[in-house]
Every structure is written in structure tokens, then in C-alpha cells.
2 protein chains.
Amino acid sequence: MRVEVMKNVLGSNATAAESNRSFWNQHGMLALDLMGSPGSGKTSILEQLVRELTGRGRSMRVIEGDVASDNDARRIEAAGAEAFQINTGGACHLHAAMVARALQQLDLAGVEIILIENVGNLVCPTAFKLGAHFRIVVASVPEGDDKPEKYPVAFRDADVIILNKTDLLPHLAFDADHFWDLAEQLNSSAPQFNISCTTGEGIEALCNFVDSELAKLTHG
Amino acid sequence: MRVEVMKNVLGSNATAAESNRSFWNQHGMLALDLMGSPGSGKTSILEQLVRELTGRGRSMRVIEGDVASDNDARRIEAAGAEAFQINTGGACHLHAAMVARALQQLDLAGVEIILIENVGNLVCPTAFKLGAHFRIVVASVPEGDDKPEKYPVAFRDADVIILNKTDLLPHLAFDADHFWDLAEQLNSSAPQFNISCTTGEGIEALCNFVDSELAKLTHG
């Protein structure tokens with residue numbers, strides 16, 4: 001019984017995710033879905049992307065998923081992009097229908113990029129794709145270098161892997177080679193980015209990646 | 001249908017949690033359940049507790065919950081306590097029946113303290129109590145000072161609140177007063193500990209708390 005219900009939930013989520021993807025493809029919008037632990041720095045990365053991509057003339061909207069509070073949407077709007085806050089009210093991940101409802105309420109005229117921040121959680125969001133072109137997993141240096149081994153599904157299914165807060169490497173016992181070795185054992189195809197929102201390391205490279213994927217989507 | 005199934009799951013978990021609590025009370029064992037984000041430092045705190053409490057002549061066992069890997073159980077055994085690793089194989093939290101099965105497989109002769117590390121997740125474990133006398137929520141400085149506001153249930157329901165990695169305060173923009181204000185708005189009764197497993201700050205105070213709660217349990 002429990003399994004059957006779960007299958008139905010996953011099945012209807014997959015349908016909603018496909019519908020989101022079709023919508024984005026039809027309108028030439030590139031969608032990215034960031035997942036990671038609470039405090040891994042997802043919002044900080046989005047703030048940097050919003051500033052840098054806006055500077056390059058890109059138009060974007062941000063969908064923020066949290067159990068509670070609109071802290072993140074306010075941070076994103078201060079960085080310069082319109083944001084839509086979803087409060088899941090307890091649910092541990094976004095599902096595709098929540099994103100579809102957010103899309104209906106946003107003004108999407110001229111928008112090229114949709115950035116989605118999932119609920120802070122390295123486990124549950126893995127089972128609920130949202131239809132985004134890229135699922136980006138964000139790990140951060142203070143979490144420790146064994147995270148790929150302990151949360152393998154998140155890393156195995158990722159389309160992009162980010163190691164964030166690299167500015168803290170001098171202060172912590174974190175073996176970056178070990179982290180990336182473990183990540184590669186699970187996923188050798190996902191592009192990898194070392195990021196620091198404090199020093200700006202990797203932000204330009206990440207924006208170049210987004211720009212080039214947007215070009216492929218719209219001209220490819 | 002989905003709600004009903006969920007209620008059944010929660011109901012059977014509550015029964016198993018009560019049974020765990022009765023078992024521990026009957027045998028004079030104090031049980032602690034640590035929950036927190038991936039990388040918040042739950043295992044490091046347990047390593048410190050194991051060393052310090054063993055030094056005080058206490059006997060304990062540690063139950064480690066992870067989606068995958070036995071990294072944490074190996075760390076605990078190196079610190080000096082027998083550990084039992086539960087791999088949930090995808091599940092985002094421990095449930096009480098998993099803990100009951102672990103208890104059956106551990107040699108509990110003379111054991112006074114059961115330490116349980118839940119799966120790294122600030123959301124899902126809140127709904128599944130394990131029967132422990134104290135649910136301890138662990139937040140860490142690099143996660144940011146707004147975590148109580150964003151994950152309110154974890155803080156509201158906690159019996160003890162730990163702020164870990166205080167040694168990183170000089171390197172990060174983290175307002176400890178703001179963090180504790182938010183935590184107190186949700187929960188004014190839970191004892192609070194500032195901990196650093198690097199400098200040892202707060203470890204003695206936490207062990208004193210455990211010792212005194214154990215004395216209350218066994219001597220009434």
C-alpha cells in the first residue's frame with residue numbers, strides 16, 4: 001500500500017516535471033534546480049548568479065523553496081531579480097506541481113533563465129525532479145569531504161556538481177582531491193565547479209556555463 | 001489516502017518509540033538522539049562525548065544512521081565505543097523500529113548511555129521520534145544564523161539545542177546573538193550549548209548535562 005501510493009506520487013510528479021520542461025523548451029527558457037544541505041550556500045550562489053548574469057544582460061526569475069520564511073526571496077530581490085517564495089509548510093522537497101503554480105504567477109515576458117532553489121536537504125529532493133534542464137548539487141567545505149559517499153544518490157543523479165565555500169579550505173581539514181575523487185566515482189560526466197561567494201572564485205566560470213547552455217537551447 | 005497512510009506510518013512509529021523508551025527506562029539507560037544537517041558535526045560531537053564520558057567511567061553504545069556508508073560507525077569505534085551502523089538505503093530519517101532492531105543486536109550489558117545519530121536532515125527526522133529521552137538539534141556556524149527561522153519544527157521540538165563549530169565564528173559573518181534569539185523565540189526551555197570540537201569549547205558542559213540527566217534517571 002505504502003509503496004503503491006509512493007509510486008503514484010512519483011508518477012504524477014514525473015508528469016508535472018515533463019510538463020514544466022515542455023513549457024520551458026517552448027519558451028526558450030533554461031531552468032536550473034539547485035539542491036544541497038541547509039547552509040550549503042545555495043542562496044549565496046544564486047545571488048552571485050543574479051548579479052553576474054543580470055550584468056550580462058540576461059533576464060531571469062528565481063523560485064525559492066523553503067519549509068518556512070521568505071528570507072531567501074528577500075535576499076534574491078535585493079540582488080536584483082524577481083523572486084517567488086514557495087513555503088512547503090513542512091514538506092522536505094519541492095515537487096514539480098509547486099513549480100508549475102509558481103510559473104503561473106510570475107511575469108515571464110522576456111525571461112531567459114529560471115533559477116530554482118530546492119528545500120535544504122541532500123536526500124528527499126533527489127526523488128522529485130522538477131523538469132529543470134540541470135539539477136545542480138551544492139556541497140560545501142564545512143560539511144566535510146566524505147559527503148558524496150554518504151549521500152550518493154544526490155551526486156550520482158546530478159547534472160552539475162558544485163563545491164562551495166572554498167575560501168574556508170585554509171581553516172578546515174578538508175581534502176578537496178578526496179571529495180572530487182568520490183564525486184567522480186559516482187558521476188564522471190557532471191561538470192564540476194569550485195566556488196567561493198566570498199572571493200568570487202568560480203562564479204564567472206559558472207555563468208559562462210549557464211550562458212553557453214542557454215545558447216545551445218535557443219540556437220541549437 | 002496519502003494522509004491516511006502517512007498517519008498509519010506515524011502511528012506505528014509512535015508505538016515503536018514508546019516501546020524503545022520503556023526498554024531504556026527499565027534498564028536505566030539514557031538515550032539521546034542527535035539530528036542536524038549533513039556536515040553539521042553530529043559525528044564529531046559524538047566522538048568527543050564518547051572520549052569524555054568513557055574517561056568518566058561511563059559505558060555507552062552508539063547507533064549511527066546514514067543513507068549509505070559506514071564512515072561514521074568507524075569513526076565512533078576509533079573513538080572508543082561500540083557502534084551499530086544503520087544504512088537506511090535511501091530513507092531520509094531513522095524510524096523507531098530501526099533503532100529497536102539495532103538494540104537487539106548490540107551487547108547492552110552494563111550500558112548506561114545510548115547515543116543515536118539520525119540521518120543528516122533538518123526536516124524529516126522531526127516527524128519520527130525514536131523514543132530517546134532527549135532530541136538534540138545540532139546547527140553549525142557555517143550554515144548561517146537564520147536556520148531556526150527556516151527549519152522551525154526542528155528547533156521548536158528540540159529538548160537541547162547545540163550551536164557547533166564556534167571556532168569558525170572569526171572567519172564567518174554569523175551573528176550568534178541573532179541565532180540564539182531566533183532559537184529562543186521558538187523554544188525557550190531547551191538547554192543551549194555552544195560547542196567546538198576543534199577547541200573543545202562546551203564539551204565538558206555537555207557531558208555534565210548528560211551525567212546529571214543519567215543520575216536523575218537512575219536515582220529518581
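Here is a walk through a predicted model with chains A and B, going from the sheet of each chain to the contact between them.

Let's begin with chain A. Its seven strands form an open sheet with parallel pairing, and the order across that sheet is E3-E2-E4-E1-E5-E6-E7. If you trace this order to its two ends, you arrive at strand E3 (82-87) and strand E7 (192-194) of chain A; each has a single partner strand, so one side of each is left without a neighbour in the sheet. Going across the sheet, neighbouring strands are turned against each other by 20 degrees on average, with direction ignored.

For a closer look at the pairing, a general point helps. Strands of a sheet pair through backbone hydrogen bonds, and they may do this in a parallel or an antiparallel way. In chain A, strand E1 (residues 30-36) and strand E4 (residues 113-117) take the parallel sense, with five bridges between them. One residue to find on screen is A:Asp33, whose bridge partner in E4(A) is A:Ile116.

Now add the helices of chain A. Helix H3 (residues 71-79) of chain A lies across strand E2 (60-66), E3 and E4, and runs at about 175 degrees to E3(A). Helix H8 (residues 203-219) of chain A lies across E1, E4, strand E5 (134-140), strand E6 (160-164) and E7, at about 140 degrees to E1(A).

Turning to chain B, you will find an open sheet of seven strands there too, in the order E3-E2-E4-E1-E5-E6-E7 and with parallel pairing. Strand E3 (82-87) and strand E7 (192-194) of chain B are the edge strands, each pairing on one side only. From one strand to the next, the twist averages 20 degrees.

Within this sheet, strand E1 (residues 30-36) and strand E4 (residues 113-117) of chain B run parallel and are joined by five bridges. Here B:Asp33 has B:Ile116 as its bridge partner in E4(B). Helix H3 of chain B packs on the sheet, where it touches E2, E3 and E4 of chain B, and its direction makes about 175 degrees with that of E3(B). Helix H2 (residues 42-55) of chain B lies across E1, strand E2 (60-66), E4, strand E5 (134-140) and strand E6 (160-164), running at about 175 degrees to E2(B).

Finally, let's see how the chains meet. The contact takes 34 residues from chain A and 35 residues from chain B. Together the two chains bury about 2700 Å², with 62% of that area on carbon and sulfur atoms. Four salt bridges are found across the interface. For an example, look at A:Asp66 and B:Lys150, which form a salt bridge with their closest N and O atoms 3.6 Å apart. Ten residue pairs are in polar contact between the chains, counting pairs with both residues at pLDDT 80 or more. On the side of chain B that touches chain A, helix H1 (2-26), helix H3 (71-79) and helix H5 (147-150) of chain B are the elements that give two or more residues. By class, that side of chain B has 17 nonpolar, nine polar and nine charged residues.

Terms used:
Residues are numbered from 1 along each chain as its sequence is written. Chains are lettered from A and ligands numbered from 1 in the order in which they are written. This is a predicted model: local features need pLDDT of at least 70, side-chain atom pairs count only at pLDDT 80 or more; totals for chains, interfaces and linings use all residues. Side-chain values use heavy atoms; hydrogens and water are left out. Two strands pair if DSSP finds at least two bridges between them. Helices (H or I, at least four residues) and strands (E, at least two) are DSSP runs, numbered from the N terminus. Axes are lines fitted to C-alpha atoms, for helices over the stretch in contact, and angles run from 0 to 180 degrees between N-to-C directions. Contact means heavy atoms within 4.5 Å. Buried area is the accessible area (1.4 Å probe) that two parts lose on being put together, summed over both. A salt bridge is a side-chain nitrogen of Lys or Arg within 4 Å of a carboxyl oxygen of Asp or Glu. A polar contact is a pair of N or O atoms within 3.5 Å; within protein, one must be able to donate a hydrogen and the other to accept it, and residues adjacent in sequence count only if both atoms are side-chain atoms. Ala, Val, Leu, Ile, Met, Phe, Trp, Tyr, Cys and Pro count as nonpolar, Asp, Glu, Lys and Arg as charged, and the others, Gly among them, as polar.
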